[in-house]
Each structure stands twice: as structure tokens, then as C-alpha cells.
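Here is a short briefing on how the helices of this model fit together. Have the sequence and the 3D view at hand as you read.

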Amino acid sequence: MSPKNKTHNASRREIETGADRAKPIVFQHGHEIQPYGKIARMPIALDEKVCAASADNLNQLLADTMSLRDMYKKHHWQVAGHTFYQLHLLFDKHFGEQVELVDAIAERIQILGGISIAMAPDVAETTIIPRPPRGREQVPVQISRLLEAHEIILKEARAMAKQADEAGDDGTNDLLVSDVIRTNELQVWFLAEHLVDVPVVRADQKAPSGD
Ligand SMILES: [Fe+2]
């Protein structure tokens, strides 16, 4: 220790004196400024009832998209077998695309004056995507689970898009059609082709009998 280093023997008060204005004010608590489910009207020329209906729908879609996003990461980590490398990469690509959808859906809810759900316990309470086991599953089961989740999302997204269109909420309709529906449909194609049972090396010589 240097003999010039006076702070070593100084008291805590001596060290902190004069620095109060620079001290972060931590451990703060206070009431919410907007309860969940309520709309803070935004000047976007849309009726509050339309905004509330769209925000409500989008929160359901958000919870389901977050579940699908996380299922992709689960399968990215747990995939096994001779297609490990390609599926490991494909699952992560789709995960990244779902991350972008999650952000776009959540921000649309905020744009409408609503509140986006965010935390895992709230997502778990809201989602209608069936919960997979914690354990490791075979590839066809992983892919089937993902396809089922995509179809649930596509079904609800189409109904929500129609509702937004009829209510005049063009921004929500566009997000649902251009981003959510198109991305999910494309990902379904990439997954579903893995479940077509075709020979890998030697072609079938006989046509199926048809019975
Ligand atoms: Fe990774």
C-alpha cells in the first residue's frame, strides 16, 4: 500500500461526503402507471375499443409466439440423430425469426396504447400451445410439436387479421398477414418436408398398391 493512499484508513462517511448527487437511487418501488389490460389512448386515429380488441388479441398471439420461440431453442439444444447438424441450424434460424415476430407483436400492442405481456409466468398462464416435457424427444416428435404450435398460431392469426381488417385497424392486419402468417407458413414448409418418408439412398421400385 502506498503511504499516500489516505482512503485506506478513512471512514465510509468521509469517503461518500459530497457525492450524494451522483449516487444512484436504487431499490425504488411505486404503483403502476397503467394497469394491465387498460388502454392509454394514443393519437393514431383509432377508437379505443378497436385498440383494446386488437391489443387483447395480440397478447394471446404474443404468448403463443413466445412459447413457439422457446420450443425452437429447446429443440435446437436437444436434437439428436444423423440430421443433428442441419436441424440444429434450422431450429436456430426459425428461433431468430420468431424473436423478431415477438418484438414486432409486442411493440404493436404498445403502439395501440396497450401493455404487452413479457414475463415467463404470464406467458405460461396465457399460452394455448401444449407444454412439451422437459426431457429429450425424438426428431419426428420434436417436428410434430412445432407443426402443431405453428398451426395453432396460424389459425388464430387469420381470425385476428380478419377482425382487425373489419375494425379498420390496418396496421395490425398488415403485421398479422405480412409478417406473422407469411413467416409461420414458410417455417411450416421447411419443417413438414422433414416428415415426408422418402428413401434416402435407394429409390422404391414398385408403385404403392393403393389399398
Ligand atoms: Fe446455439
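α3 (84–111) and α6 (170–192) are roughly antiparallel to each other, because an angle over 145 degrees counts as such (under 35 is roughly parallel, 65 to 115 roughly perpendicular and the rest oblique). Their packing angle is about 170 degrees and their axes are 11 Å apart. This is a predicted model, in which local features need pLDDT of at least 70 and side-chain atom pairs count only at pLDDT 80 or more, while totals for chains, interfaces and linings use all residues. Residue numbers start from 1 along each chain as its sequence is written.

**How the helices are described**

- Two packed helices are described by the angle between their axes and the distance between the axes.
- Axes are lines fitted to C-alpha atoms, for helices over the stretch in contact, and angles run from 0 to 180 degrees between N-to-C directions.
- Helices (H or I, at least four residues) and strands (E, at least two) are DSSP runs, numbered from the N terminus.

**α3 with α6**

- The crossing of α3 past α6 is left-handed (the near helix is turned anticlockwise from the far one by less than a right angle; clockwise would be right-handed).
- On the α3 side, L90, H94, E97, L101, A104 and R108 take part, and they meet G171, T172, L175, D179, V180, T183, Q187 and F190 of α6 (contact means C-beta atoms, placed from the backbone, within 7 Å).
- Sorted by class, this contact has six nonpolar, five polar and three charged residues. Here Ala, Val, Leu, Ile, Met, Phe, Trp, Tyr, Cys and Pro count as nonpolar, Asp, Glu, Lys and Arg as charged, and the others, Gly among them, as polar.

**α5 with α6**

- The axes of α5 (139–167) and α6 come within 9 Å and cross at roughly 160 degrees.
- That angle makes α5 roughly antiparallel to α6, and the crossing is again left-handed.
- Residues in this contact include I143, L147, L154, A157 and A161 of α5, along with L176, V180, I181 and V188 of α6.
- The contact of α5 with α6 has 16 nonpolar, five polar and three charged residues.

**α2 with α5**

- α2 (48–78) packs on α5 at an angle of about 165 degrees, with the two axes 10 Å apart.
- This makes α2 roughly antiparallel to α5, and α2 passes α5 in a left-handed crossing.
- By class, 13 nonpolar, nine polar and three charged residues form the contact of α2 with α5.

**The nonpolar core**

- The largest nonpolar core (buried Ala, Val, Leu, Ile, Met, Phe, Trp, Tyr and Cys residues joined through C-beta atoms within 7 Å) has 34 residues, and L61, L62, I105, I109, A157 and L176 touch the most other members.
- α2, α3, α5 and α6 are the elements that give two or more residues to this core, and α2 gives the most, with 10 residues.
- Leaving aside neighbours within four places in sequence, L176 is in contact with A157, M160, A161, A164 and I181.

**Two positive phi values**

- Most residues other than glycine have a negative phi.
- F27, in the loop between α1 (12–16) and α2, has a positive phi near 55 degrees.
- F27 is exposed because it has 5 C-beta neighbours inside 10 Å (exposed means 12 or fewer other C-beta atoms within 10 Å, buried 20 or more, partly exposed in between, with C-beta atoms placed from the backbone).
- A45 is found in the loop between α1 and α2, and its phi is positive too, near 55 degrees.
- With 6 other C-beta atoms within 10 Å, A45 is exposed.

Notes
Two residues are in contact if their C-beta atoms, placed from the backbone, lie within 7 Å.
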